[in-house]
Amino acid sequence: MESPGPSFRRRLLIESLTVLAADASVQVSWLEKHRVVTDEIALDFDHAFRMAERLVEEGQVSQGALPGLREIDLVFSGMSGAESAGRWARTALPTDAGWAQARQLARQVLVAELGEWNLPLPEIDVIR
């Protein structure tokens with residue numbers, strides 16, 4: 001099976017950042033609409049983040065995006081563990097400092113890459 005091309009991988013990164021950058025109330029509505037749990041936001045980012053260096057090599061994402069992407073990854077890493085389980089509830093999205101920091105970093109990366117951050121959230125298909 002052939003691996004997805006660079007434009008597909010770039011779209012995955014941009015879409016994950018778009019959801020992450022959205023206002024908390026928009027994130028909650030998106031999660032409810034697609035009937036997925038909060039950690040899907042971080043998981044989608046993690047999948048896309050794993051391709052970030054390759055996207056830079058391919059000229060799909062600027063080198064300047066990497067520090068912000070790495071910082072988001074660090075924020076989410078700091079939110080992991082059983083003692084942080086409450087941080088992954090939908091109710092934590094508007095109040096948790098980690099989510100606020102990740103949201104702000106995602107906005108900065110999107111503005112640097114696209115000139116704006118407030119983009120339409122992607123539609124997703126969930127296989128159940």
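## A walk through an all-helix fold

Let's start in the middle of things, at Ile72: setting aside neighbours within four places in sequence, Ile72 is in contact with Leu17, Leu20, Phe45, Ala102, Leu105 and Ala106. Keep in mind as you look around that this is a predicted model.

Several of those names come back when you ask about the core. The largest nonpolar core has 35 residues, and the ones touching the most other members are Leu17, Leu20, Phe45, Leu69, Ile72 and Phe76. Which elements give two or more residues to this core? They are helix H1 (6–21), helix H2 (24–34), helix H3 (39–49), helix H4 (52–57), helix H5 (65–78) and helix H6 (97–114). This fits a broader pattern: nonpolar side chains in soluble globular proteins tend to be buried together.

Now step back to the whole chain. The protein has 6 helices and 0 strands, so if you read from the N terminus the order is simply α-α-α-α-α-α. How does the overall size square with a compact globule? For 128 residues, such a globule would have a radius of gyration near 14 Å, and the protein's own value is 14 Å, so the two agree. If you prefer box dimensions, the C-alpha trace spans about 40 × 30 × 30 Å along its principal axes.

The contacts tell you how the chain is folded back on itself. Take the contacts between residues at least 6 apart in sequence: 72% of them join residues at least 24 apart. Ile72 gives you a concrete case, with Leu17 and Leu20 among its partners.

As for inside versus outside, buried residues make up 41% of the 128 in the protein. The accessible surface comes to about 7200 Å², and 53% of that belongs to carbon and sulfur atoms. On the charge side, you'll find 13 positive and 19 negative side chains, with the centres of the two sets 3 Å apart.

Next, have a look at the loop between H5 and H6, where Met79 sits. Is Met79 buried or exposed? Met79 has a relative accessible area of 0%, so it is buried, loop or not. Leaving out residues up to four places away in sequence, Met79 touches Ser84, Arg87, Trp88, Asp96, Gly98 and Trp99. Of these, Gly98 and Trp99 fall within the range of helix H6 (97–114).

One of those partners, Ser84, is found in the loop between H5 and H6 too. Ser84 has 9% relative accessibility, and because buried means under 20%, it counts as buried. Its contacts, again without neighbours within four places, are with Gly78 and Met79.

For a contrast, jump to the loop between H2 and H3, where Arg35 lies. Arg35 is at 57% relative accessibility, and since the cut-off for exposed is over 50%, it counts as exposed. Its backbone deserves a glance as well: phi of Arg35 is near 50°, a positive value in a residue other than glycine.

Between those two cases comes Glu15, which lies in helix H1. With a relative accessible area of 24%, Glu15 is partly exposed.

Finally, Val36 makes a handy reference point for distances. Glu15 and Val36 are 21 residues apart along the chain, and their C-alpha atoms are separated by 16 Å. For Met79 and Val36, 43 residues apart along the chain, the C-alpha separation is 19 Å.

Notes: Residues are numbered from 1 along each chain as its sequence is written. This is a predicted model: local features need pLDDT of at least 70, side-chain atom pairs count only at pLDDT 80 or more; totals for chains, interfaces and linings use all residues. Side-chain values use heavy atoms; hydrogens and water are left out. Helices (H or I, at least four residues) and strands (E, at least two) are DSSP runs, numbered from the N terminus. The radius of gyration is taken over C-alpha atoms; the globule rule is 2.2 Å times the number of residues to the power 0.38. Buried means under 20% relative accessible area, exposed over 50%, partly exposed in between (1.4 Å probe, protein chains only). Contact means heavy atoms within 4.5 Å. Accessible areas come from the Shrake-Rupley method with a 1.4 Å probe; for residues, only the protein chains shown count as cover. Lys and Arg count as positive and Asp and Glu as negative; His and the chain ends are not counted. The place of a charge is taken as NZ of Lys, CZ of Arg, CG of Asp or CD of Glu. A nonpolar core is a set of buried Ala, Val, Leu, Ile, Met, Phe, Trp, Tyr and Cys residues joined through side-chain atoms within 4.5 Å.
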